[in-house]
Amino acid sequence: DDLNDLLATLALHWRIETSQSGAAAPIRVSAALSYEMQQIVREAVANAVRHGKASRVELALGQTGDALDVAINDNGSGYPADGPVISPVSINERISALGGRLHVESGTGGVRLDMRIPMGDGK
């Protein structure tokens with residue numbers, strides 16, 4: 001629910017479309033992880049709009065065992081075709097600090113961030 005509210009706020013702020021899909025039931029996480037996820041989503045949306053000129057950002061959430069699976073897709077310009085795909089530094093640092101991993105894909109249809117983050121004991 002926290003991320004739904006955040007996406008609605010970010011859609012108004014950046015004047016873009018946002019959507020969320022995934023788990024049918026809410027995924028319960030600790031307050032600390034909820035806060036970190038909000039910061040990651042906020043940064044991902046800002047990057048998509050500022051750097052990729054995205055007009056739409058989609059968030060997908062799931063749970064595998066005790067890990068949170070998150071995918072953030074945008075319809076922006078993606079990374080330059082002739083350059084490397086570099087993980088966003090602040091997002092990568094946050095995910096690493098949580099013991100998670102980040103995989104970044106880029107193409108002409110935008111950028112996709114795939115994350116797997118341990119949910120820990122604070123569920």
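**Two pockets and the helices around H2**

The second largest pocket has a volume of about 260 Å³. I start there, and I should say at once that this is a predicted model. Seventeen residues line that second pocket. Closest to its centre are Asn47, Ala48, His51, Tyr79 and Val111. Which elements give two or more residues to this lining? They are H2, strand S3, residues 67–74, and strand S5, residues 110–118. H2 gives the largest share, five residues. By class, the lining holds ten nonpolar residues, six polar and one charged.

Now the largest pocket. Its space comes to about 430 Å³. The lining counts 18 residues. Nearest the centre lie Asp1, Asp2, Pro26, Ile27 and Leu61. Helix H1, residues 2–14, supplies at least two lining residues. So do strand S1, residues 17–22, and H2. The classes here are ten nonpolar, five polar and three charged.

H2 is on both lists: it supplies lining to the largest pocket and to the second largest. On to its helix partners.

Take H1 with H2. Their axes come within 10 Å and cross at roughly 25°. Angles under 35 degrees count as roughly parallel. H1 is therefore roughly parallel to H2. The crossing is right-handed. Who meets whom? From H1 we have Asp2, Leu3, Leu6, Leu7, Leu10 and Trp14. From H2 we have Ser34, Met37, Gln38, Val41, Arg42, Val45, Ala46, Val49 and Arg50. Sorted by class, that contact has ten nonpolar residues, two polar and three charged. Note Asp2: it sits in the H1 contact with H2, and it is also among the residues nearest the centre of the largest pocket.

Next, H2 with H3. H2 covers residues 31–52, and H3 covers residues 89–97. They pack at an angle of about 160°, axes 9 Å apart. Parallel or antiparallel? Over 145 degrees counts as roughly antiparallel, so H2 and H3 are roughly antiparallel to each other. This crossing is left-handed. On the H2 side, the contact uses Glu36, Gln39, Ile40, Glu43, Ala44 and Asn47. On the H3 side, it uses Ser90, Ile91, Arg94 and Ile95. The class split is four nonpolar, three polar and three charged.

One residue to keep on screen is Asn47. In H2 it takes part in the contact with H3. Asn47 is also one of the residues closest to the centre of the second largest pocket.

To recap the helices. H1 passes H2 right-handed, roughly parallel. H3 crosses H2 left-handed, roughly antiparallel. And the pockets: about 430 Å³ for the largest, about 260 Å³ for the second largest.

Technical notes:
Residues are numbered from 1 along each chain as its sequence is written. This is a predicted model: local features need pLDDT of at least 70, side-chain atom pairs count only at pLDDT 80 or more; totals for chains, interfaces and linings use all residues. Side-chain values use heavy atoms; hydrogens and water are left out. Axes are lines fitted to C-alpha atoms, for helices over the stretch in contact, and angles run from 0 to 180 degrees between N-to-C directions. Helices (H or I, at least four residues) and strands (E, at least two) are DSSP runs, numbered from the N terminus. Angles under 35 degrees count as roughly parallel, over 145 as roughly antiparallel, 65 to 115 as roughly perpendicular and the rest as oblique. A crossing is left-handed if the near helix is turned anticlockwise from the far one by less than a right angle, and right-handed if clockwise. Contact means heavy atoms within 4.5 Å. Ala, Val, Leu, Ile, Met, Phe, Trp, Tyr, Cys and Pro count as nonpolar, Asp, Glu, Lys and Arg as charged, and the others, Gly among them, as polar. On a 1 Å grid over the protein atoms alone, a cavity is a set of points where a 1.4 Å probe fits but cannot get out, and a pocket is an open set with protein on both sides within 12 Å along at least five of seven lines; lining residues have an atom within 4 Å of a point. Grid points are joined across faces, edges and corners, and a volume is the space filled by probe spheres set on the points.
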